[in-house]
Amino acid sequence: MSRFRRVAANSHGRDLAVGDIHGHFRRLEQCLEAVGFDPAVDRLFSVGDLVDRGPHSIEALTWLTKPWFYAVQGNHESLAITCLYGGRLDLDMYRAAGGGWFLDLPKDEQAVFVEHFLQLPIAMEVQTETGLIGVLHADSPFADWAELRASLLEDDDPGVREICQWSRRRLKEGDTGAVEGVRALLVGHTPVLQAKRLGNVWHLDTGGWASGHFSLIDLASLVLLNPEAG
């Protein structure tokens, strides 16, 4: 289990990223089809929160086995891990946040999901022809990507993980400070009406799991592809 993952450049096709999915994989498939996504050469990067709230959370396991699909661990994957391992968790809150599908599974089936969720890194970096792209769920606790990389590889500090998965500070404060060491950092977690860039941090959770739309971004060009938004 590695908290940090490096992904080599894609020399054959496009690399796209998407905001929080939350169990709406069928809608995501339609979105990918609309932009001509080709799984033979293209890759899709998820900012986490694959499950809860939507009707198809169970399909997360299938997606995690696709060779072209890459995901970081979001706070909702972390909630499932905490639930199974008996950590501090308000079960009523978890159910209200969409975790009922997981809570109602037998323990042995919960364990299969958690085994997969534990393999997801907290952050990853993707090489592109135009520079390094960072991906994590919520926000970076450091203004330098190298510092986050070193922390996740060497320390595994729970406080660092908490900020990576739960923080809403940047959006709340309108912080436009850059995260040095990456061309862009792609995150989700906090819903926004339209994809929003603060500094070099792109917030991609545009509510494709609710009444909004999925926002796809091309990692090399940082061009947004929003087939549902028009």
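## Getting oriented

In what follows, helices and strands are DSSP runs, with at least four residues for a helix (H or I) and at least two for a strand (E), and they are numbered from the N terminus. With that settled, keep in mind that you're looking at a predicted model.

A handy place to start is the stretch from 16 to 139. The unreviewed UniProt entry annotates residues 16-139 as "domain: Calcineurin-like phosphoesterase". In the model, helix makes up 41% of that span and strand 18%. Its end C-alpha atoms sit 19 Å apart.

## The big nonpolar core

Now for the inside. The largest nonpolar core has 35 residues, and the members that touch the most others are Leu44, Leu50, Phe69 and Phe102. Plenty of elements chip in: β2 (15-18), α1 (25-34), α2 (60-64), β4 (69-71), α3 (75-85), α4 and α5 each bring at least two residues to this core.

Leu44 is a good one to click on. Setting aside neighbours within four places in sequence, Leu44 is in contact with Leu16, Ala17 and Val18, and also with Leu28, Leu32 and Phe37. Its list of contacts goes on with Trp63, Trp68, Phe69, Tyr70 and Leu216. There's also a second, separate core, made of 18 residues, including Val7, Leu186, Leu204 and Leu222.

## Rings meeting rings

Aromatic side chains give you more to look at, with 11 aromatic pairs in the whole structure. Take Trp63 and Trp68: their ring centres are 5.6 Å apart and their planes are at 75°, so this pair is edge-to-face. Both tryptophans are tucked away, with Trp63 buried at 2% relative accessibility and Trp68 buried at 13%.

A further edge-to-face pair is Trp101 with Phe113, where the centres are 5.0 Å apart and the planes again at 75°. Trp101 belongs to helix α4 (residues 91-103) and Phe113 to helix α5 (residues 107-118), so the pair ties together parts that are 12 residues apart in sequence. Trp101 counts as buried at 19% relative accessibility, because the cut-off for buried is under 20%. Phe113 is buried too, with a relative accessible area of 3%.

Back to Trp63 and Trp68 for a moment: they join Phe25, Phe37 and Phe69 in one aromatic cluster. If you've been following along, Phe69 was also named among the core residues that touch the most other members.

## Charges over rings

Some rings have a charged side chain for company. Lys66 lies over the face of Trp63, at 5.2 Å from the ring centre. Over at Trp209, it's Arg53 that lies over the face, at 4.7 Å from the ring centre.

## Salt bridges

Side chains of opposite charge can pair when their charged atoms come close. How many salt bridges does the structure hold? There are 12 salt bridges. One of them joins Arg3 to Asp156, with the closest N and O atoms 3.1 Å apart. That pair links distant parts of the chain: Arg3 is in the segment before β1 (4-7), while Asp156 is in the loop between α6 (145-154) and α7 (158-166), 153 residues apart. Arg3 counts as buried, at 12% relative accessibility, whereas Asp156 is partly exposed at 29%.

Another bridge pairs Asp104 with Arg95, where the closest N and O atoms are 3.1 Å apart. Here Asp104 is exposed at 55% relative accessibility, and Arg95 is partly exposed at 41%. Then there's Asp175 with Arg169, at 2.9 Å from N to O. Asp175 is partly exposed, with a relative accessible area of 22%, and so is Arg169, at 33%. These two have company: salt bridges with shared partners join Asp139, Arg169, Arg170, Glu173 and Asp175 into one network.

## A stop at His203

Is His203 buried or exposed? His203 is buried, at 3% relative accessibility. You'll find His203 in strand β9 (residues 201-203).

Leaving out neighbours within four places in sequence, His203 is in contact with Arg170, Leu171, Val187, Val192, Ala195, Lys196 and Leu198. Arg170 is one you've met already, as part of the salt-bridge network.

Key. Residues are numbered from 1 along each chain as its sequence is written. This is a predicted model: local features need pLDDT of at least 70, side-chain atom pairs count only at pLDDT 80 or more; totals for chains, interfaces and linings use all residues. Side-chain values use heavy atoms; hydrogens and water are left out. UniProt positions are given in the numbering used here, feature names are shortened, and annotations may be inferred rather than shown by experiment. A salt bridge is a side-chain nitrogen of Lys or Arg within 4 Å of a carboxyl oxygen of Asp or Glu. Buried means under 20% relative accessible area, exposed over 50%, partly exposed in between (1.4 Å probe, protein chains only). Rings of Phe, Tyr and Trp (its six-membered ring) pair if their centres lie within 6.5 Å; planes under 30 degrees apart count as stacked, over 60 as edge-to-face and the rest as tilted. A charge sits over a ring if NZ of Lys or CZ of Arg is within 6 Å of the ring centre and within 35 degrees of the ring normal. A nonpolar core is a set of buried Ala, Val, Leu, Ile, Met, Phe, Trp, Tyr and Cys residues joined through side-chain atoms within 4.5 Å. Contact means heavy atoms within 4.5 Å.
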